[in-house]
Amino acid sequence: MSADATARRQGGFPIPLVGMLLFISSEVMFFGGLFATYFSARASFAGEWGPPPGAPELEILPVPLPITIILLVSSLTMHQAVRAIRRGSNSGLRLWLTVTVTLGVLFLAGQLYDYTTLGFGVSDGVYATEFFTLTGFHGAHVFGGVVGLTILVARAAQGQFSARNHVAVEAVSFYWHFVDVVWIALFTTLYFLR
Amino acid sequence: MATTTLAPGSTTYSRSWVIDWLTTVDHKKIGVLYIVNSFVFFFLAGLLALVIRTELAVPGLQFVDESTFNQAFTMHGTIMIFLFIVPIFSGFGNYIVPLMIGAPDMAFPRINALSFWMLPLGGALMMSGYLVGGAAAGGWTGYNPLTQEQFAPGDGTDLWIMGLAVIGTASILGSVNFVTTIFKMRAPGMTLFRMPVFVWTVLVTQALILLATPVITAALIALFIDRNYGGSFFDPSVGGDPVLWQHLFWFFGHPEVYIVILPSMGVVSEILPVFSRKPLFGYRAFVWATIAIGLLSWSVWAHHMFTTGAVFLPFFTFMTALIAVPTGVKMFNWLATLWRGSLMFTTAMLFALGFVSMFLIGGISGVMLASAPVDFHLQDTYFVVGHIHYVVFGGATMGVFAASYYWFPKMSGRKLNEVLGWAHFWVLFVGFNLAFFPMHGLGIQGMPRRIADYAADAGWTEMNLIATVGAFLIAASMLPFVLNVVTTLLNGEQVGEDPWEGNTLEWATTSPPPPYNFDRLPPVRSERPVFDLRHRTDGAGHAAGDATASEAHP
């Protein structure tokens, strides 16, 4: 192959990150669709919008606020992991990735516990359906992020990343921050915009 | 050129061709897989169309019962849209786009293979409804409450939802791949405004897929939760809203219309200049019109919902009429390209001209439906069925066949027979108009869509019979096509790298191209690099270099 057939434009954003950003933009539309169902139902709901009759009001304590803080902190620890590998510190990467995975798992565990305390199920009216669908699909995305982070931990343990070659870490961090931003929107919608 | 010995060796180790095709990550092979898979589903859904037309040929229920009929039109529509017309352009795009922009492959070859293999899986899931007591029967639009548990109790609808979700995920992954490829993998000199118009249309199409498909996925998930877990998204008795489904469906579904038609417009805009021996008239106007259609397509979805009473009619009427403007710009591009050209009526050209004429009719009936007062009369009648088929069959599918005849020599090294091609086109063209033009009249007379039977004294019998004859003519036109493909592959006329004297980079490599696509790329200084190469007068010998390359890989 002669040079001009292989000479790609090397500058600019790395190809995997472009792909991840495009994927995230489609995820934005996915959650946009789910949020649209929520606001549509809320706008046309006759009666008081909220958990079905008989169930307690939603409270941000004891669980939702702490797990929100956990998820926000996990974005910071994810960024520490990226900064570590940009400096070339593989041990720093492994440390901060492990912390991030742990926080992600804590969030999921907290959310599952929260589900048991709500006093209503997915089939108890349109609010309940919206609540479980939105939080459930966000949780599924957190789970996807945890899987991605776990793969990163395994790859980091084999020393696959370096200061120059760690685009997978950057890509997963984009995704993790995105999942965090969705939760901020969701937390605000469910607990404050009532 | 010494390094060219590297690549052929990499493909010559022995491996069964079955394994080779099942595991390939080469964009050209994946493109062929997409195209073959799409044609298989095209023929399956075509058989379902014949079931529909046979039942409607004369009044009375002679051939199938209502339930089978409902499944037939549902699966016909769903398969044609999601498993034929969208993926087949992903197939042509897969094969041609990297070649056109001078890239060695797509940006993510393995994701490319994944997005293809999810399609037959999704299709099988959806079709397996027939094995478990009946496929989905709520129409391809899946309106609520027709698809709710109490009206569609079987597993067929759940399988339909799952199949569509799998296909949607495949489309999203594919669109990530296409957009990344087009933005990041272009050859030196291939600026955005030197990209072939087909690449532009694929870019806008894939951006629409990327952003529209997740919305239908969300809607499908909501429907699945309603059906299986007691959810109430679309159940008005507990605060849900069945019209919400229509909003979500058409928020995807109207961009989908442009997802279907834009690549076909791109194909036609490649073919008309080549066989008119002229450049495309108004390249930039065409590109901006494509972008404008892509943007406007987000603001017209509710024109499918005029009669719900839940949408603001003037806005959506205005936006729908507005989107006809960039479409009209393109019509002008095409006609001005043909004007005083040295026209060559190859089969590809015939289909391209078929596209322009039939899509014009579909576009005009679309503007008629955009008018809310007219739409109130014609909603859910056969007029709409006629309209969609002029757009999706007379438009997009004509483009599929144009692309098939145009790029077959590039993909196989052999040229399809022009006599059989001529027969294919004319039988199809006559059959198409017999089948679908009468539907406009039926619709104006009030015949509703999606009915299995009609009264003998309704005055609809003659036009229905004509439509049925047309449908069987369309089916007959596929025989010369299939015969043509088979005989050409076995024993067709062999051609070199550029049988049509094309303009774009795919004609600057061998037919079929080697796995790495190009030995060397011609310089890209305009949107017609191969034309520039052919008509160079400074004698710098690029053509000679390419001839050597083609001898190295026959």
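## Two packed helices in chain A

Helix 5 of chain A passes helix 6 of chain A in a left-handed crossing, and the model in which this crossing appears is a predicted one. Helix 5 covers residues 125-157 of chain A and helix 6 covers residues 167-191 of chain A, and their axes come within 10 Å and cross at roughly 160°. Because angles over 145 degrees count as roughly antiparallel, helix 5 of chain A is roughly antiparallel to helix 6 of chain A.

On the side of helix 5 of chain A, the residues that meet helix 6 include Phe131(A), Leu134(A), His138(A), His141(A), Gly145(A), Gly148(A) and Leu152(A). From helix 6 of chain A, the residues that take part include Ala168(A), Val172(A), Tyr175(A), Trp176(A), Trp183(A), Leu186(A) and Leu190(A). Sorted by class, the residues of this contact between helix 5 and helix 6 of chain A are 15 nonpolar and five polar, with no charged residue among them.

## Chain A as a whole

The two helices belong to a chain whose secondary structure comes to six helices and zero strands, so that the pattern read along the sequence of chain A is α-α-α-α-α-α. Taken along the principal axes, the box filled by the C-alpha atoms of chain A is roughly 70 × 35 × 20 Å.

Chain A has 194 residues, of which 32% count as buried. Among the contacts in chain A with a separation of 6 or more, 82% are between residues 24 or more positions apart in the sequence.

## Where chain B touches chain A

The contact between the two chains takes 29 residues from chain A and 40 residues from chain B. On the chain B side, the elements that give two or more residues are helix 1 (6-10), helix 6 (155-184), helix 7 (197-229) and helix 8 (242-276). Of these, helix 7 of chain B provides the largest share, with 10 residues. By class, the side of chain B that touches chain A holds 27 nonpolar residues, together with nine polar and four charged ones.

## The largest nonpolar core

The largest nonpolar core has 215 residues, and those with the most contacts inside this core are Ile271(B) and Ala402(B). Helix 7 of chain B, which also gives the largest share of the side that touches chain A, contributes the largest share of this core as well, with 22 residues.

Once its neighbours within four places in sequence are left aside, Ile271(B) is in contact with Ala348(B), Met349(B), Ala352(B), Ala402(B) and Tyr406(B).

How values were computed
Residues are numbered from 1 along each chain as its sequence is written. Chains are lettered from A and ligands numbered from 1 in the order in which they are written. This is a predicted model: local features need pLDDT of at least 70, side-chain atom pairs count only at pLDDT 80 or more; totals for chains, interfaces and linings use all residues. Two residues are in contact if their C-beta atoms, placed from the backbone, lie within 7 Å. Helices (H or I, at least four residues) and strands (E, at least two) are DSSP runs, numbered from the N terminus. Ala, Val, Leu, Ile, Met, Phe, Trp, Tyr, Cys and Pro count as nonpolar, Asp, Glu, Lys and Arg as charged, and the others, Gly among them, as polar. Axes are lines fitted to C-alpha atoms, for helices over the stretch in contact, and angles run from 0 to 180 degrees between N-to-C directions. Angles under 35 degrees count as roughly parallel, over 145 as roughly antiparallel, 65 to 115 as roughly perpendicular and the rest as oblique. A crossing is left-handed if the near helix is turned anticlockwise from the far one by less than a right angle, and right-handed if clockwise. A residue is buried if 20 or more other C-beta atoms lie within 10 Å of its own, exposed if 12 or fewer, and partly exposed in between; C-beta atoms are placed from the backbone. A nonpolar core is a set of buried Ala, Val, Leu, Ile, Met, Phe, Trp, Tyr and Cys residues joined through C-beta atoms within 7 Å.
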